[in-house]
Every structure is written in structure tokens, then in C-alpha cells.
Amino acid sequence: MTRASPVTWRSLMFVPATGEKFVAKAHTRGADVVILDLEDSIPPGEKQAARAALPAAAASVGQAGAEVAVRINRALDLAVPDIAAAVMPAVGTLMLPKVMGPEHIRLLSEVVAAREAAQGMLIGHTRFAAIVETPDALPLLGAIAAADPRVVALGIGAEDLSTELEAVPSGDMLYVYAMMVVAAARAARIQPLGSVGPFADFSDLAAYRASLKRSRALGFACQACIHPAQVPIINEEYGPSPAEVERARRLIGAFDVALAEGRGAVAFEGQMIDLPVVERARRLLLRAR
């Protein structure tokens, strides 16, 4: 199985799989990915109903072109039936919560491959977004990021990790672990998912924007959210602006001219640019929509 194609997500929005009014409007919110949730937002007695709701919900939330993902449960007795219900052509990604290590990823990949084969799907169709939420797994971030070709994004669960650490989620508390995620994800050539701010607080959108701005500068590529009001802010802060795209194109053009003239560095709009700067500009263009 070859590595899944890189993704260029900005925003991922959670929707309860059985939340009919949320599912009905999800395609209008502008999120790059809509995550149909089988985990925290679904009570234990409603898990089977949520699984049964997935085919219709996936068709609804994906009707405007958003990627459809499903967050499964961690416990294996729930994860296996979750995978059986979620693996289908309409679902591109599974979000794996509370990942314990690389072997956990590989075990679930084996279960997914069997389901893909049973459905007559291409093996490897289903990608993984891996979420680490326990202190035990933090030293394994690099191994988790590189564990399987399906893994395309890596993040930490800020709320659960903070609880495990008996800490209050904040930029200061999350900073070290956030940078570990960025380093591990970038080394594996996948997307770092998250930010250095609280996940669940949408009461102050100005502060939320400031947190995302800082997080993008630190290297994060995409962020999940629980409220539709957060989606456009994520898209603006984690996606390049038209001005940034145009400047990147001009910069690459200037560098190409310099290379043709035998120079490896060139002055561009008051800045000396060389290959690392040009590479950042090229990666920015890959994120442009």
C-alpha cells in the first residue's frame, strides 16, 4: 500500500452523526472536512443508531464537496463495529482518538483493509487522522506519524490531554506538546492538526483568531472545531490570503530568473531570498484554494 496522497485541509468541523439538524446544515458551513462523530458526542446507548445513520449523513454533509470523515471510538469493541459502518466510498478519512502508539495504528489499518476488501474498495482509500490524548503516547508521536501510509494528519486532544495532566488547557500549557506534534508531523510529511489554544471555547472569537494566527506561525496546518462560527476564522488564518498567494508567485518567478542567470540568491522586495524561502512559497501555493 502506497502512502495516501497529501491533504491540504484547513478546517475540520465536528457534527454528531445522529444530530439531524446539524447534519442537514453542515454542507453550508464552508469546512474543508466534516467529521461525523461516533465518539464523545454520542451516548453509549446511541452508538448503533449513530453507525446506522452514517450512509445518509455522509451523503448530506459531503454534497457541496467537503471531505467526509468519521471519528471512531478508541475501545476496540466499539472501534471494530465503527470501522465496519464507516468504511465506504463516501468517507475519505477516519479520525482515530486516544492513539496509544504505532502498533495501535497498524492494527486499525489491518481492520480497515479487511473492510475495504469486503466492500470491493481500493485498499488504502481510507486515510487516518491520528489524535494523541494521553501522556503515555507523547514520546511516540514520531513513530505514530510514520506508522502507516494511511496517516495524513497528527494532532493532540487538548481537552483530554489537559485532564490527564491535571492542567488547564492554555497556550502556555499546550506549547511544548504542540511543537512536538508539528515536528513529528512535518518529519513524516503529514499535516500537523491543532493549535496552541483551548479547543472547546468559542465564546471569544477574537481571542480564538489570535490563537490561530500564532499557531499557524508555529507551523500548524489545519484545525478541528465544534462550532460553525469558528470555520471561517480557521479558513482565513490557516489558508493563504490572495495577497500571500500573489506574492509567492512573484517571489518564485524572481528566483527562477535568478537561477537562469546563474545566481542562487536574489533581492526581492527588500528581502534576500534563497532556496528555503522559495520552498516555503511553493508550499504556500500548494495550500492555496
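**Exercise 1. In this predicted model, determine which elements cover the buried residues of helix H2, and how H2 is placed and bent.**

Solution. Begin with the residues themselves: in H2, Lys 47, Ala 50, Arg 51, Leu 54, Ala 57, Ala 58, Ser 60 and Val 61 are buried. An α-helix has 3.6 residues a turn, so residues three or four places apart point the same way. Next, look for what lies over these positions: the cover of the buried residues includes helix H1 (20-26), strand E2 (33-37), strand E3 (67-71) and helix H3 (76-86). The two strands in that list also serve to place the helix, since H2 lies across E2 and E3 and runs at about 160 degrees to E2. Finally, follow the axis of H2, which spans residues 47-61 and bends by about 50 degrees at Leu 54, with a proline, Pro 55, following within four residues. Leu 54, where the bend is found, is also one of the buried residues.

**Exercise 2. Work out the strand order of the open sheet and identify its edge strands.**

Solution. Reading across the eight strands gives the order E7-E6-E5-E4-E3-E2-E1-E8, with parallel pairing. The edges are E7 and strand E8 (223-225), each of which pairs on one side only. Neighbouring strands of this sheet are turned by 25 degrees against each other on average, direction ignored. For a single pair, take E4 and strand E5 (residues 127-132), which run parallel and are joined by four bridges; Thr 93 stands opposite Arg 127 in E5.

**Exercise 3. Establish whether Gln 223 is buried or exposed, and describe its surroundings.**

Solution. Gln 223 is found in strand E8, one of the edge strands. With a relative accessible area of 4%, Gln 223 falls under the 20% cut-off and is therefore buried. Beyond its neighbours within four places in sequence, Gln 223 is in contact with residues including Arg 10, Leu 12, Leu 193, Tyr 208, Ile 234 and Tyr 238. Ser 195 is also among the contacts, and the side chains of Gln 223 and Ser 195 make a polar contact at 3.1 Å.

**Exercise 4. Locate Lys 98 and Arg 189, two residues with positive phi, and state the accessibility of each.**

Solution. Most residues other than glycine have a negative phi. Lys 98 has a phi near 50 degrees and is found in the loop between strand E4 (93-96) and helix H4 (102-119), where, at 24% relative accessibility, this lysine counts as partly exposed. Arg 189 has a phi near 65 degrees and sits in the loop between helix H7 (171-187) and strand E7 (191-193); its relative accessible area of 63% makes Arg 189 exposed.

Note on methods
Residues numbered from 1 in each chain as written. Predicted model: local features only at pLDDT ≥ 70, side-chain atom pairs only at ≥ 80, totals over all residues. Heavy atoms only, no water. Bend = angle between axes of the 7 residues up to and from the residue. Buried < 20%, exposed > 50% of the residue type's maximum accessible area, 1.4 Å probe, protein only. Contact = heavy atoms within 4.5 Å. Pairing = 2+ DSSP bridges. Axes fitted to C-alpha atoms, helices over the stretch in contact; angles between N-to-C directions. Polar contact = N/O pair within 3.5 Å; in protein donor to acceptor, adjacent residues only side chain to side chain.
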